[in-house]
Amino acid sequence: MNILYISHSSLATGSESVLISTINGIEKKDIDNQYLVIPYSKTNNFSKQITKGRILKQYILPFKSIGNKTVKSICCLIYNLYSILFICSIVKKKNIGLVYVNTSANIAGAVAAWISGRKVVWHIHEQPNRNTSVIPSSFQVLYRAMFLNNRFKMVFTSRKALAGWEKELNCKIENYTIINPPTKEIIGYTKHQADIFTYGYIGTLVESKNLITLIECFEKIVRYSEKKTRLLIFGSGPLLSEIQETVKQLDISQYVEIKDFNSDVSSFYSSIDVLVQPSYNESWGMVIIEAISLQIPAIITKESGVADILTDNTECLLIDPCSKTELFEKMKLILEDQPLRESIGRNAYRKYKEMNLTNSFKNSVYKIIYDK
């Protein structure tokens, strides 16, 4: 069988890294040829992560992902028409048996797969909820038609994500599977030993990550606690200037460090005592899994798919992202209660080992591709 993978991005983080794991994980003896389509970008880290010899041919096409605004999404769909038709021609010429589409934002890949008439695996990484709409309401009819098409095998990161999409599209999705994303080994990590207690956030700096609330709660910690504390923010994105201005206005610049994201995440984890991910919406949260694989306790949003598998107050601390008070109280608790902090780290690590995410992911992907 020939497989065509369509990525929504040329980056190599988050959902893209999951697709990379999929491509690299399929045994060559089980397939004929693998092809790849990625959008044009000045930066292409995606291709660099693919094991040599895995992809027979790569196509770089001009297409964009949709957002949650109608006008922008319609413009993207129009802009993507050439690439959609080109992808359909690839499917026909290369006798593609399976089209593997990554993320719900990948409208070009999904529509092309739909038109092609082939078997489709659509790996959804986003999660609509009461705080966040992933697609415009005007696109719900289109998405519902594809989600319910019997040629589409829908893959969700968690049951919470599945429930969110069923509510968003007002339908019952039947042809689906739940696959928790794999995690990568963090090389070079050393346990944080400094006398300054450090809260850490890692990820994209965007509004949906609820970072302004995190900074405001941290400011209260600084004023409240006699212990030396620090907040390390490791990432980049459009919210950077607002974050910097908020830190300045709250007069906590000496307690907050902001570093650009880079691939050496071991330096980040080696610098923190607790991970704080207070996002309004977090379909899975791969950085949470990375943290607990190192026995670092985590404060996470109840909107994360990881909340499906971690128990509150035992394996993590869960917070309502809309409650600033709740986030502050949990940040205060993890600072003051060292036995709790250590037990959460140990318990979460035990759960992580039980899940065996990497092997489980590989086996699950194999089953959906070959209908085992």
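Me: Is Thr103 buried or exposed?
Reply: The model is predicted: local features need pLDDT of at least 70, side-chain atom pairs count only at pLDDT 80 or more, and totals for chains, interfaces and linings use all residues. Numbering runs from 1 along each chain as its sequence is written, and side-chain values use heavy atoms, leaving out hydrogens and water. Buried means under 20% relative accessible area, exposed over 50% and partly exposed in between (1.4 Å probe, protein chains only). Thr103 has a relative accessible area of 0%, so Thr103 is buried.

Me: Where is Thr103 placed?
Reply: Most residues other than glycine have a negative phi. Thr103 has a positive phi, near 75°. Helices (H or I, at least four residues) and strands (E, at least two) are DSSP runs, numbered from the N terminus. Thr103 sits in the loop between strand S4 (96–102) and H4.

Me: What relative accessibility does Asn356 have?
Reply: Asn356 also shows a positive phi, about 50°, without being a glycine. Its place is the loop between H12 and helix H13 (357–370). Asn356 counts as partly exposed because its relative accessibility is 40%.

Me: Which helix gives the largest share of the largest nonpolar core?
Reply: A nonpolar core is a set of buried Ala, Val, Leu, Ile, Met, Phe, Trp, Tyr and Cys residues joined through side-chain atoms within 4.5 Å. The largest one has 41 residues; Leu4, Val37, Trp122, Tyr143, Phe147, Phe156 and Trp165 touch the most other members. The largest share, 6 residues, comes from helix H4 (residues 107–116).

Me: How many residues make up the other core, the one with Ile221 and Val222?
Reply: Start from Phe147, whose contacts (heavy atoms within 4.5 Å) include Trp122, Phe156 and Trp165, leaving aside residues up to four places away in sequence. The other core lies apart from the largest one. Leu239 and Leu340 are also among its members, and its count is 31 residues.

Me: Which residue in S6 stands opposite Val120?
Reply: Strand S6 (residues 152–156) has 4 of its 5 residues buried. Two strands pair if DSSP finds at least two bridges between them. Strand S5 (residues 119–124) and S6 pair in the parallel sense over 5 bridges. Opposite Val120 in S6 stands Phe152.
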